[in-house]
Amino acid sequence: MTAARLASISVDLDSLPHYCLIHGLPESLLDERARTLVHRVAVPRFLELLAEVGVPGTFFVIGEDLETDPGAADGMRRSHAAGVEVASHSHAHDYALTRRGPDAIAEDLSRADAAILKAVGVRPSGFRAPGYTLNADLYAATVAQGYRYGSSAFPAAPYYAAKAAVMGALAALGRPSRSVLDTPRVLLAPRVPYRPDPAQPYRRGSGAVVELPMTVTPVVRFPFIGTFATTLPRGTMRAAYRTCRADAFFNFELHGVDVLDATDGIPQELVRQQRDLRVSAAKKVERLRSIFQWLKDDFDVVTLRDAAGRLSASL
């Protein structure tokens, strides 16, 4: 009997202050409501969408948000109760986490785990790095934390080139981004689940924590993520989807802002920089509903934790 092909839907719950840092904007643009918008508005929208289509999901939450925002902790408790996996997106979402050294990295991950355990009653099984940036020190910390999987590798050449261009443009304007450009080695990382080499985690090896890369298309490695799925023409995304439909595992990654728009109370300065916020939330939700249904029709949709459990023996 042929093993079922698996898919996972995951959402990074980056709050709006982190988008200000990416675009070199002051966090003072945001009032208290805007700072908590992802957890108060986007999380319920995603929960409703997952329930409507009848598929599970994985939320990558920032530990600091759980400590400072009671609404975020309550939302994660409700998400966990609804069958959504709550995984770690680090404690402070420091884009330069890989540069902090082993002790600081270990402290950050431990604090995030403690915040998640307090909020939902279960330690996280998985981790996604801030800005998708992984190195040997950070991989070692995920092993020490006892995670079942990581999902940070994003070997998307067009994304990498666009990120480098935007960071360069912002620097030229005197408004440098706080984001970090990963090593070009990420572009050669496997686009399918693998066990990393602990010394060079974008290469295959025998590491204890399996890596579940985010889906990119074969050959050109075009990223199939929420930002593009909600803004590019439907035909373009359908064609990209078809190139990945034969994969044994499809890892569809999104962000909280993928179900938000300018009318939700986001400052215009940020909307001008984050262009996907100009697309109506209703239109984005409808597009995501279609893609979730594609995945449900073609794959066995599971949480990333369950995907790692089912795939790890063969890696």
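Let me begin with a bend: in helix α3 there is a kink of about 25° at Val43, shortly before the proline Pro44. Before I go further, please keep in mind that what we are looking at is a predicted model, and that every value I mention was computed from it.

Staying with α3, you might ask how far apart the end C-alpha atoms of this helix are, and whether that agrees or disagrees with what its 17 residues should span. The helix runs over residues 37-53, and at 1.5 Å a residue it should span 24 Å; its end C-alpha atoms are 24 Å apart, and so the two values agree. Just after the helix, Gly54 takes a positive phi of about 85°.

Which residues of α3 are buried? They are Leu37, Val38, His39, Val41, Ala42, Val43, Phe46, Leu47, Leu49, Leu50 and Val53, so the list includes Val43, where the kink lies. As you read along that list, it may help to recall that an α-helix has 3.6 residues a turn, so residues three or four places apart point the same way.

Arg45, which also lies in α3, is a useful contrast, because its relative accessible area of 28% falls between the 20% limit for buried and the 50% limit for exposed, and Arg45 is therefore partly exposed. Leaving out residues up to four places away in sequence, Arg45 touches Val259, Leu260, Asp264 and Ala281. Its C-alpha atom is separated by 18 Å from that of Ile225, a residue 180 places away along the chain.

From the helix we can move to the core. The largest nonpolar core has 57 residues, and those with the most contacts inside it are Phe59, Phe252, Phe292 and Leu295. The largest share of this core, ten residues, comes from α3. Apart from it lies another core, of 17 residues, among them Leu109, Leu134, Ala141 and Tyr202.

If we take Phe292 and set aside its neighbours within four places in sequence, it is in contact with Ile9, Leu49, Leu50, Val53, Val55, Phe252 and Leu254. Of these, Leu49, Leu50 and Val53 are among the buried residues of α3 that I listed a moment ago.

Val301, in strand β10 (residues 300-301), has a contact list of its own: beyond the residues up to four places away, it touches Ala7, Ile9, Val55, Pro56, Leu295 and Lys296. What separates Val301 from Ala7, in sequence and in space? They are 294 residues apart in sequence, yet their C-alpha atoms are 4.6 Å apart. With a relative accessibility of 11%, Val301 counts as buried.

Let me turn to empty space, beginning with the largest pocket, which has a volume of about 860 Å³. It is lined by 32 residues, of which Ile22, His23, Tyr159, Thr227 and Gln274 lie nearest its centre. The elements that give two or more residues to this lining are α1 (16-22), α8 (157-172), α9 (226-229) and α11 (268-273), and the largest share, seven residues, comes from α8.

A search of the whole structure also finds two cavities of 30 Å³ or more. The largest cavity has a volume of about 80 Å³, and its lining is made up of Gly131, Tyr132, Phe154, Tyr159, Tyr160, Lys163, Asp182 and Val186; Tyr159, as you will remember, is also one of the residues nearest the centre of the largest pocket.

Finally, some remarks on the backbone in loops. Most residues other than glycine have a negative phi, and most peptide bonds are trans. Against that background, Ser90 has a positive phi near 80°, and Val219 has a positive phi of about 65° although it is not a glycine. Are these two residues buried or exposed? Ser90, in the loop between β3 (85-88) and α6 (102-120), is buried, with a relative accessible area of 0%, whereas Val219, in the loop between β8 (210-211) and α9, counts as exposed at 84% relative accessibility.

One further loop residue is Gly121, found between α6 and β4 (126-127), which is exposed, with a relative accessible area of 53%. Gly121 and Glu211 are 90 residues apart in sequence, and their C-alpha atoms are 25 Å apart in space.

Key. Residues numbered from 1 in each chain as written. Predicted model: local features only at pLDDT ≥ 70, side-chain atom pairs only at ≥ 80, totals over all residues. Heavy atoms only, no water. Helix = DSSP H or I, 4+ residues; strand = E, 2+ residues; numbered from the N terminus. Expected span 1.5 Å × (residues − 1). Bend = angle between axes of the 7 residues up to and from the residue. Buried < 20%, exposed > 50% of the residue type's maximum accessible area, 1.4 Å probe, protein only. Core = buried A, V, L, I, M, F, W, Y, C linked by side-chain atoms within 4.5 Å. Contact = heavy atoms within 4.5 Å. 1 Å grid on protein atoms, 1.4 Å probe; cavity = no way out; pocket = protein on both sides within 12 Å on 5 of 7 lines; lining within 4 Å. Points joined across faces, edges and corners; volume = space filled by probe spheres on them.
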